[in-house]
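Notebook open, structure loaded. I wanted to look up some strand pairing first, then a few helices.

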Amino acid sequence: MTTVLFDGIKLLYTGDPEREEIEDAALVAEDGLVAWVGPAGRAPDADERVDVRGRAVLPGFVDSHAHLVFAGDRTAEFQARMSGVPYTGGGIRTTVAATRAASDAELATRAAALVAEMRAQGTTTVEIKSGYGLTVEDERRSLEIATGLTDETTYLGAHVVPSGMEADDYVRLVTGEMLRACAPYAKWVDAFCERGAFDGDQTRAVLEAGIKAGLQARVHANQLGEGPGVQIACELGAASADHCTHLTDADIDALAASAPHGASGTVATLLPGAEFSTRSPYPDARRLLDAGVVVALATDCNPGSSYTSSMAFCVALAVREMGMTPLEAVRAATRGGARALRRTDVGWLRPGARADLVVLDAPSYVHLAYRPGVPLVHQVFLGGLLL
Ligand SMILES: [Zn+2]
């Protein structure tokens, strides 16, 4: 058993509501877990010592929404959109064609490179979805590749109806043969509930079939317009309703009503990279927070509508564009993401949690928003080990 003392921490953001921030702090890791946190003067002895020399430390970011298994590139679509062509979600089919044509090795190499890119930017837990295969075998292999990179794998056969298929036929496939092939590789089931993708009844059918097969639900909800996604997420006890850009008062009430349920509540996961990259209005995080909704931030990293892997960028957008304070944004990017994945071992630094931590080249986490676009991640420790 090796213990490591991290000291010289100017500001420790623990994410633990009982003492969320500690100035002039220290942290002891033992066998990959946090063993002790507190003021530097009271730190116990340890076998090894890491002096972070006045920097800030926070839990590794938990990116609870990412689409990393894909091939191809949509630079041209982005360029067109920035010249005024509106985003409809239809471009997903471009990525589907490229993904189907790619070898397993190509897909795995690309996804692993994106995970490495995320880790270097302080993300220590990431969720990965399928959704660019849309055949039984292409969805299955996407998830098999994802399981090599994370425990948080999501079956998103219901991303869009593939070209040449009727929606109802495709929903039968997604809830039948495709689900049976994918469930062994997935923890979660997800559906894109949106005009142009899947309606309320179809979304409900997909999620209910997934739950029956032992998966837990999360939903792409209310991204492009108001719709039934958030209500369905709350009704079915989904861990998260993701996007939440266009919400009615009833949607906010439903999310707020689920918040006190803690581990079984539905988190509102906001994905400002998507609004940035589609030049769309941002979700109103202030309205959600003021209503008592639990909010998470995630990248939505995907080649079409949000090709960023940077949680720090999302924190900066949330502060500048969505009415969140730096503290609320960092909380949403760490503990919020963990709650959206129903994890209690990540997203905070308190005894028993994983020693996944980020050392910033700054004295405070506030710099993540104060110095946008600046690479502030000095070091990342995964289970107490330097990456
Ligand atoms: Zn998404």
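Started with strand β10 (residues 240-243): I find 3 bridges joining it to β11, and the two run parallel. For the register, I noted Asp242 opposite Thr269 of β11. Worth jotting down that this is a predicted model, so I am reading computed geometry throughout.

Next I went to the strand β12 (residues 295-297). β11 is joined to β12 by 3 bridges, again in parallel. Here Ala268 stands opposite Val295 of β12.

Then I checked burial along β11 (residues 267-270). Side chains in a regular strand alternate between the two sheet faces. Val267 and Thr269 sit on one side, Ala268 and Leu270 on the other, and all four are buried, so I logged both faces as covered.

Moved on to helix α12 (residues 311-321). How many of its 11 residues are buried? I get 8, so I call the helix mostly covered. The buried ones are Met311, Ala312, Cys314, Val315, Ala316, Leu317, Ala318 and Val319. Just past the end of α12, I spotted Gly323 with a positive phi of about 75°.

Last stop was a helix pair. The axes of α5 (residues 167-175) and α7 (residues 200-212) come within 9 Å and cross at roughly 15°. Angles under 35 degrees count as roughly parallel, so that is how I filed α5 against α7. The crossing of α5 past α7 is right-handed. From α5, the contact uses Ala167, Val171, Val174 and Thr175; from α7, Gln202, Ala205, Val206 and Ala209. Sorted by class, I have 6 nonpolar residues, 2 polar and no charged ones in this contact.

Key
Residues numbered from 1 in each chain as written. Predicted model: local features only at pLDDT ≥ 70, side-chain atom pairs only at ≥ 80, totals over all residues. Buried ≥ 20, exposed ≤ 12 C-beta atoms within 10 Å, placed from the backbone. Pairing = 2+ DSSP bridges. Axes fitted to C-alpha atoms, helices over the stretch in contact; angles between N-to-C directions. Parallel < 35°, antiparallel > 145°, perpendicular 65-115°, else oblique. Left-handed = near helix turned anticlockwise from the far one by under 90°. Contact = placed C-beta atoms within 7 Å. Nonpolar A, V, L, I, M, F, W, Y, C, P; charged D, E, K, R; others polar.
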